[in-house]
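The following exercises are to be worked with the sequence and the structure at hand. Each task is followed by a solution in steps.

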Amino acid sequence: MLNRLCSPGTLGICVSLAILSSCVQGIGENTQIVAIRASRLIDGKGETSLTNPVVLVQGERISAIGSSVQIPTSAKVIDLGDATLLPGLIDAHTHLLSEMDGSNLSLQDAEMLRIVATQSTAERALLGAKLGREDLEAGITTVRDVGNSGVNGDVALRRAIQRGWVLGPRMVTSTRALAAQGGQFGILTPAAQQLIGEEYATVRGAESARQAVRQALYDGAGCIKVIVNGSPAQVTLDEMKAIVDEAHTAGVKVAAHAIGDKATRIAAQAGVDSIEHAYVVPDDVLKMMVEKHIFLVPTDGTLKTFVDMSFGMRQPSEAERGEREKEFAPFVKEEQDRLKRAIQAGVPIAAGSDMYLTMPRMTRGQASLLVYEAYAESGLTPMQIIHAATSNAAELLGRQDRIGTLEVGKFADIIAVPGDPLKDIRALEHAKLVMKGGVVVVNNN
Ligand SMILES: [Zn+2]
């Protein structure tokens, strides 16, 4: 088709366009086979790793996997040596269109107001293009972006990535989060309350909740996000049930921000698909989550992460650092305690960073991967963490037929990390190969 349109004078442009389009989309029957070799492979669902694997990639999908796979002579070979192949990582809780100052956590209400009052959705989508690329380059090939993206800015970013305008992860988008009056803004004057609708869809009873879900679906949501508590008012059980019913009727899942006894119980009773954060959650709700197969997305951090973040680029004294550690320690202990109880109860876990704050000297992608260290400190094994960030997250996103494991027929979303992440989970922070849909995005081999 391109050839027929080309006159001799435009041939050069057409050829480069053809190359660009095959690079971006990685599709086509005649695309060259790529063979990836490494020392180990973790497929995202099994309990052990495969040694000396070969993965063949044809177009955007995986065509063969195994230790004895024959490499066709025509294949392009990427030999990674002492490295481990894994499925591309999935972050089930991102805010790619939002970046707040991490050095003053008590200022978050003001930060929200500053962003919404001073950054247009278009500007935030451009920020999202930068942060999305940073996620992808760190090995995060899919995200579920859960709001705080202006009015449908996340959908604009998702489409731009799909069209190959910008490089970024696959995205499941939520559009505006549903919330009771006020969203997560804190207290605003009546005049300033006009801004709430730029960031949240206010729910006013069960029928209004249904309408909000329908509007979100129409706006391009692939997931419904609800802020169950966090504002002075709270989303009720009636409203939650209406939201879940309406979303599930359309085949779309529901993510509930809920912290504390009452809110987590409302979310679980209503039958949401995931509860986000749940830093405080009683055992009977954890039990309900197991029975209903509701995922916990523990958006946790280590003490070191919180302290490092709080000082920004400033180098604190030892005494200052010690003081700050004391401030954060009770919160970290609480989140560790609830993750241990959740694991013990058998609650399914999907990894989610909730990284929306600036982290000194790190890209958004690098900062987002720190959440695995928090899981490790709470006692999750490296394999449990990998499953949380691959097959479990894919299931939560409803994409387990396409992503989340290394299997024949799935998208070739593949990363390679140095050494063995089963010995040290921090290996996941140093991806040296990132491939999305058969296209190599990073190759530091
Ligand atoms: Zn969040």
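**Exercise 1.** In which sense do β8 and strand β9 pair, and over how many bridges?

*Solution.* The model is a predicted one, in which local features need pLDDT of at least 70 and side-chain atom pairs count only at pLDDT 80 or more, whereas totals for chains, interfaces and linings use all residues. Residues are numbered from 1 along each chain as its sequence is written, and side-chain values use heavy atoms, with hydrogens and water left out.

Step 1. Locate the elements: helices (H or I, at least four residues) and strands (E, at least two) are DSSP runs, numbered from the N terminus. Strand β8 covers residues 89–94, and β9 covers residues 140–145.

Step 2. Apply the pairing criterion, under which DSSP must find at least two bridges between two strands. β8 and β9 are joined by four bridges, in the parallel sense. L89 has I140 of β9 as its bridge partner.

Step 3. Place the pair in its sheet. The sheet is open, has three strands in the order β8-β9-β10 and shows parallel pairing. Its edge strands are β8 and β10 (170–173), each of which pairs on one side only. Neighbouring strands here are turned by 15 degrees against each other on average, direction ignored; the axes behind this value are lines fitted to C-alpha atoms, for helices over the stretch in contact, and angles run from 0 to 180 degrees between N-to-C directions.

**Exercise 2.** Determine how β8 and T142 are covered, and list the contacts of T142.

*Solution.* Step 1. Fix the classes: buried means under 20% relative accessible area, exposed over 50%, and partly exposed in between (1.4 Å probe, protein chains only). Six of the six residues of β8 are buried.

Step 2. Turn to T142, which is found in β9. T142 has a relative accessible area of 2% and is buried.

Step 3. Find its contacts (heavy atoms within 4.5 Å). Neighbours within four places in sequence aside, T142 touches L89, I90, D91, P169, R170, L397, I403 and D413.

**Exercise 3.** Describe the sheet that contains β1 and β6.

*Solution.* Step 1. Four strands make up this open sheet, in the order β5-β4-β1-β6, with mixed pairing.

Step 2. At its edges stand β5 (61–66) and β6 (76–79); each has a single partner strand, so one side of each is left without a neighbour in the sheet. The average turn between neighbouring strands is 20 degrees, direction ignored.

Step 3. β1 (residues 33–37) pairs with β6 in the parallel sense over four bridges, and the bridge partner of R37 in β6 is D79.

**Exercise 4.** Characterise the packing of α6 and α7.

*Solution.* Step 1. Two packed helices are described by the angle between their axes and the distance between the axes. For α6 (residues 206–219) and α7 (residues 237–249), the angle is about 35 degrees and the axes are 8 Å apart.

Step 2. List the residues in contact. α6 contributes A206, A209, R210, V213 and R214, and α7 contributes D238, E239, A242, I243, D245, E246 and A247.

Step 3. Sort them by class: Ala, Val, Leu, Ile, Met, Phe, Trp, Tyr, Cys and Pro count as nonpolar, Asp, Glu, Lys and Arg as charged, and the others, Gly among them, as polar. The contact has six nonpolar, no polar and six charged residues.

**Exercise 5.** Which residues of α10 are buried, and against which helix do they pack?

*Solution.* Step 1. In α10 (residues 303–311), seven of the nine residues are buried, so this helix is largely enclosed by the rest of the structure.

Step 2. The buried residues are T305, F306, V307, D308, M309, S310 and F311. They pack against α11 (318–345).

Step 3. Just after α10, G312 has a positive phi of about 55 degrees.

**Exercise 6.** Compare the settings of A278 and H293, two non-glycine residues with positive phi.

*Solution.* Step 1. Phi is near 45 degrees for A278 and near 55 degrees for H293.

Step 2. A278 lies in the loop between β15 (274–277) and α9 (283–292), whereas H293 lies in the loop between α9 and β16 (295–297).

Step 3. A278 is buried, with a relative accessible area of 0%; H293 is partly exposed, at 41%.
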